[in-house]
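Trainee: Hey, got a minute? Could you walk me through this one?

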Amino acid sequence: MIWSSRSCKRVFVFVVLLASSAAVALIEDGSLVNGDFETPPPGGFSPDAQFPDGPATIPSWKSNGTVELVESGQKQGGMILIVPQGTHAVRLGNDAEISQEVKVEKGSIYSVTFSAARTCAQLESLNVSVPPASQTIDLQTLYSVHGWDSYAWAFQADEDDVRVVFKNPGMEDDPTCGPIIDDIAIKKLFVPDKSKDNAVLNGDFEEGPWMFRNASLGVLLPTNLDEETSSLPGWIVESNRAVRYIDSYHFTVPEGKRAIELLSGKEGIISQMVQTKPNQHYRLTFSLGHAGDSCKQPLAVMAFAGDQAQNIHYTPDSNSTFQSANLNFTAKAERTRVAFYSIYYNTRTDDMSSLCGPVVDDVRVEKSGSRDIKLQGFRLTMCLFLHFFLLLLV
């Protein structure tokens, strides 16, 4: 059989279209389908719409157990239910769950962002999973006076088709109690390239979880000790409380578009293991400032680099909202731990309840004196050039 050039072109076009259709099938960064729960169910929205076990009744979601669509301003007893964004959200009763199938790229790291609020009990929690990976997030601590917070959790895709699941693991006396969730989004994460002169990966914090442009509370990063599947590539949160991922649209950020706000004192720690050479001198530098969110001062961080630690206070300057800080250390091994936490437990001055803290950005670990040596070399070259130029004039 002889193939004509026209046949080859048709086959080529078919292959291109097939590849493009497969790419389109993958989940895109942003909200999951009906991730804000604003798409009306069959029959429309109705108060106290509880859905028993069975097929999905919430559009694009499957439900299991007592799942309820709640509405902003809806009352339960003497309490008004909190809807994080928009008009509607979902409440999960005892042992209830919702899930959605999504197509992803096998082997890639994804971060799931969602908003959550508790209702009846302080000890409520929410389990988010993409089986077999899962994490239960404690909703006891309220980080903002609004009564809800946004969180991020990361997973590595073991298959091309995965199931994102949100489950209430609690068992309350009142089966209608349980966490409220809203604004569910996903983002494929990329590990930034490590620069030659900076041992810190993602030191500018520009790569991180999905953030909605209309969400002004930032995104909380709860405890995560697996640096391979972190919502903040390169970093882990090794503490009981969360840290806040912030953007320049709603906060003051020293560099670029993203930064980290440290909350809850010693209970909110971020760290990274960086590659070093034993007995080599290094310098840790970073930007320290405030987020512009009315955080009550003083603001200070404890910075760690190997066996060195330094207490650094933010000293306000009328011309700047941040300052540069540094810490010299000598590496003792091929990997050195770099870490930060807030020294104080800070709250906002305008409500006295929302947690806040110092902002850290642009973290670098360089060989000590590398910049000075380059600068001295430049100065020496210029001096020799000027000296030679003057000799010519004479």
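Mentor: Sure, let's go from the whole chain down to single residues.

Trainee: Before that, where does the model come from?

Mentor: It's a predicted model, so keep that in mind as we go.

Trainee: OK. How many helices and strands are there in the protein chain?

Mentor: The protein chain has two helices and 27 strands.

Trainee: And what share of the residues is buried?

Mentor: Of the 394 residues in the protein chain, 47% are buried. As for the outside, the accessible surface is about 19,700 Å², and carbon and sulfur atoms hold 54% of that.

Trainee: What about contacts between residues far apart in the chain?

Mentor: Take the contacts with a separation of 6 or more: 72% of them join residues 24 or more positions apart.

Trainee: Let's go inside. How many residues are in the largest nonpolar core?

Mentor: The largest nonpolar core has 37 residues. Among those with the most contacts inside it are Phe-205, Ile-260, Ile-270 and Phe-340. Several strands give two or more residues to this core, including E17 (243–247), E19 (269–275), E20 (281–289) and E24 (335–342).

Trainee: Which element gives the most to this core?

Mentor: That's E20, with four residues.

Trainee: Is there some general idea behind a core like that?

Mentor: Yes: in soluble globular proteins, nonpolar side chains tend to be buried together.

Trainee: Which residues does Ile-270 touch?

Mentor: Leaving out residues up to four places away in sequence, Ile-270 touches Phe-205, Ile-260 and Phe-340, among others. Trp-235, Ile-236 and Val-237 are also among the residues that Ile-270 touches. Apart from that core lies another one, of 36 residues, including Val-67, Val-104, Trp-153 and Phe-166.

Trainee: Switching topic: where is Asn-198, and is it buried or exposed?

Mentor: Asn-198 sits in the loop between strand E14 (180–189) and E15. Asn-198 counts as buried because its relative accessible area is 7%, and the cut-off for buried is under 20%.

Trainee: What's around it in there?

Mentor: A polar atom of the Asn-198 side chain lies 3.1 Å from the backbone nitrogen of Val-200. Not counting residues up to four places away in sequence, Asn-198 touches Val-363, Arg-364 and Val-365. Val-363 is also one of the residues with the most contacts inside the largest core.

Trainee: Now a different loop. What about Val-33?

Mentor: Val-33 is in the loop between strand E1 (30–31) and strand E2 (49–51). With a relative accessible area of 49%, Val-33 is partly exposed. Beyond residues up to four places away in sequence, Val-33 touches Ser-60, Trp-61 and Gln-100.

Trainee: How many residues apart along the chain are Val-33 and Gln-100?

Mentor: They're 67 residues apart along the chain, with 8.6 Å between their C-alpha atoms. You can look at Gly-170 in a similar way. Gly-170 and Asn-94 are 76 residues apart in sequence, while their C-alpha atoms are 5.7 Å apart. Gly-170 lies in the loop between strand E13 (161–167) and E14.

Trainee: Last thing: what is the volume of the largest pocket?

Mentor: The largest pocket has a volume of about 320 Å³. It is lined by 18 residues, and Val-191, Leu-201, Glu-227, Glu-228 and Gly-234 lie nearest its centre. E19 gives the most to that lining, with four residues.

Trainee: And cavities?

Mentor: There is one cavity of 30 Å³ or more. The largest cavity holds about 60 Å³ of space, and its lining includes Thr-113, Asp-183, Trp-210 and Asp-247.

Terms used
Residues numbered from 1 in each chain as written. Predicted model: local features only at pLDDT ≥ 70, side-chain atom pairs only at ≥ 80, totals over all residues. Heavy atoms only, no water. Core = buried A, V, L, I, M, F, W, Y, C linked by side-chain atoms within 4.5 Å. Buried < 20%, exposed > 50% of the residue type's maximum accessible area, 1.4 Å probe, protein only. Contact = heavy atoms within 4.5 Å. Polar contact = N/O pair within 3.5 Å; in protein donor to acceptor, adjacent residues only side chain to side chain. Areas by Shrake-Rupley, 256 points an atom, 1.4 Å probe, with all protein chains shown as cover. 1 Å grid on protein atoms, 1.4 Å probe; cavity = no way out; pocket = protein on both sides within 12 Å on 5 of 7 lines; lining within 4 Å. Points joined across faces, edges and corners; volume = space filled by probe spheres on them.
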